[in-house]
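Please look over the sequence and the fold shown here. A short report follows for use at the bench.

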Amino acid sequence: MSDEPVKYVLPESDIPTHWVNLMPDLPGDPSPPLNPGTGEPAGPDDLTPIFPMGLIQQEVATDPEVEIPDEVRDVYKRWRPSPLFRARRLERALDTPAHIYYKYEGGSPAGSHKPNSAVPQAYENKKAGVRRLATETGAGQWGSALALACSLFDLECVVYMVGASYDQKPYRRSMMETWGATVHRSPSDTTEAGRTHVEHQSGSLGIAISEAVEVAAGDSETNYALGSVLNHVCMHQTVIGQEAMRQMEMAGEEPDIVIGCVGGGSNFAGLSFPFVRRRLRGESEARFLAAEPAACPTLTRGVYRYDFGDTSGTTPLLPMYTLGHDFVPPPVHAGGLRYHGDSPLLCGLVRAGLIDAVAYRQNETFEAAVRFARTEGILPAPEPAHAIRAVIAEAESARESGEERVILFGLCGHGHFDMSAYDAYLSGTLEDIEFSEAEMEAALERLPEAPALA
Ligand SMILES: Cc1ncc(COP(=O)(O)O)c(C=O)c1O
């Protein structure tokens, strides 16, 4: 056996004690979310009908670090700290001088990074005396994570699952039901929002969010839980980057580039924000690259404007890159990346030029996923396969220039429930679904009235 390490593992005592809140480090004054009725900055009162105060405080926190409750760290112990791998076999296959590392979140019970936020969200709601949580799910990963967390904290859970994913990944539904959740195919006939959008049978995250928010707003014992986008969700995920930082130290390296996929931004934020903080404080020169689907190119083709977080226009207005809140992205297999907007924190950093973005089509993404599976062994979810595509491009460019670049990327979930997508790719029937510029332009016409962003 060679003495080359393949993975870097930390003891349970190294589970972070705090989450990283990047808010106080951001350049300039961040634009606040707005109440769509008054046009005024949305405050905690705008959020109390659907969120518990503990999470609202985290959402608006200005301290650079927020303590993780012991009860949450106790649950994190089930899969944290997660391993950091060195992709030595992929490096050899690519014949690259680049050193490639990946932080693997697929070992959580639900198979992705999503439980890192589902657990503190369920915990805060339980503490506030809430009986039930309502949510949306794109790929089924977030719904599974929340179903798991609700079962651990003895809460009921109702999930609106985007229609295309409900059909593509039937066993994700079984998984959620096993943990005790009720699952509806979205658009459903159980809500006004679902009935209004019945013509979009493939559904979208925006429509599913509208359904879940409607259910939460209409029942005082039900709250809403969001799997991405908001500040507190991105903050919960920073356990990933903090652990990765220690593990990179164990490996004796510093990343030159940090790469992740972006749906609403939470796994990317979770891995990168601790490193972004270093860069903002002048302690590193690392680059950051976000990978998204060419069929839903929010960061690479969207406009930087205030928009609703959901299709029906029920949320506060968020400052973000958007394709338009009622743009329904084509049904690509990376269901977790089919979102019209992105985290305002992440968008602000893209706008400021700190984070770059790139978009890939389905076939080139799955080609990278299969290459990864055949070298590293792990079968990635379609979402992080976008990051792998970007990693391969970066490693190939390091080979061209003969540079020993250090690449760190987020392998935020496994693809064991995504085999219909792999089947389509392997049988040559996977389509590179076109993004419709005309549909985006039409959706942008319907953006709400709001002040322009700098
Ligand atoms: C495995 C996986 N990766 C990434 C995402 C995208 O979400 P986010 O950008 O919040 O990490 C999802 C969302 O469902 C997912 O399931």
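The sections below go from the overall fold to the sheets, the domains, the ligand and some backbone details.

## Overall fold

This is a predicted model. The protein chain holds 19 helices and 15 strands. Its radius of gyration is 20 Å, close to the 22 Å that the globule rule gives for 454 residues, so the chain is as compact as a globular protein of that length. Along the principal axes, the C-alpha trace spans about 60 × 50 × 45 Å.

## The seven-stranded sheet

One open sheet has 7 strands. Their order is S1-S4-S5-S15-S10-S11-S14, and the pairing is mixed. Strand S1 (7-8) and strand S14 (356-360) stand at the edges. Each has a single partner strand, so one side of each is left without a neighbour in the sheet.

Take one pair from this sheet. Strand S4 (residues 84-86) runs antiparallel to strand S5 (residues 99-104), and 3 bridges join them. Arg86 has Tyr101 in S5 as its bridge partner. Helix H12 (residues 238-251) lies across S1, S4, S5 and strand S15 (406-411). The helix runs at about 140° to S5.

## The four-stranded sheet

A further open sheet has 4 strands in the order S8-S7-S6-S9. Here the pairing is parallel. Strand S8 (182-186) and strand S9 (222-224) are the edge strands, and each pairs on one side only. Neighbouring strands of this sheet are turned by 25° against each other on average, direction ignored.

Strand S7 (residues 156-162) pairs with S8 in the parallel sense over 5 bridges. Val162 stands opposite Ser186 in S8. Helix H6 packs on the sheet and touches strand S6 (132-137), S7 and S8. The direction of H6 makes about 175° with that of S7.

## Two domains and their contact

The domain assignment gives domain 1 (79-111 + 232-445) and domain 2 (115-226). The C-alpha centres of domain 1 and domain 2 lie 23 Å apart. Across the contact, 36 residues of domain 1 meet 31 residues of domain 2.

Which elements give two or more residues to the side of domain 1 that touches domain 2? They are helix H11 (231-236), H12, H13 and helix H18 (419-426). By class, this side of domain 1 has 12 nonpolar, 19 polar and 5 charged residues. H12 thus has two roles to note: H12 lies across strands of the seven-stranded sheet, and H12 gives residues to the side of domain 1 that touches domain 2.

## Around the ligand

The ligand has 21 residues around it. Gln141, Ser228, Gly263, Gly336 and Gly413 come nearest. By class, the shell divides into 9 nonpolar, 11 polar and 1 charged. Both domains take part: domain 1 and domain 2 each give at least three residues to the shell.

Which helices each supply at least two residues of this shell? They are helix H6 (141-152), helix H13 (266-280) and helix H17 (382-401). H13 gives the most, with 3 residues. H13 also gives two or more residues to the side of domain 1 that touches domain 2. H6, for its part, packs on the four-stranded sheet.

## Backbone details to check

Two cis peptide bonds can be looked at in turn. One joins Arg80 and Pro81, with omega about -10°. Pro81 lies in the loop between helix H3 (70-76) and S4. Another runs from Ser186 to Pro187, with omega near 5°. Pro187 sits in the loop between S8 and helix H9 (192-196). Ser186 is also the residue of S8 that Val162 stands opposite.

Asp154 has a positive phi of about 60°, although Asp154 is not a glycine. Where is Asp154 placed? Asp154 is in the loop between H6 and S7. H6 and S7 touch where the helix packs on the sheet.

Notes. Residues numbered from 1 in each chain as written. Predicted model: local features only at pLDDT ≥ 70, side-chain atom pairs only at ≥ 80, totals over all residues. Near = placed C-beta within 6 Å. Nonpolar A, V, L, I, M, F, W, Y, C, P; charged D, E, K, R; others polar. Domains from an automatic or database assignment. Pairing = 2+ DSSP bridges. Axes fitted to C-alpha atoms, helices over the stretch in contact; angles between N-to-C directions. Rg over C-alpha atoms; globule rule 2.2 N^0.38 Å.
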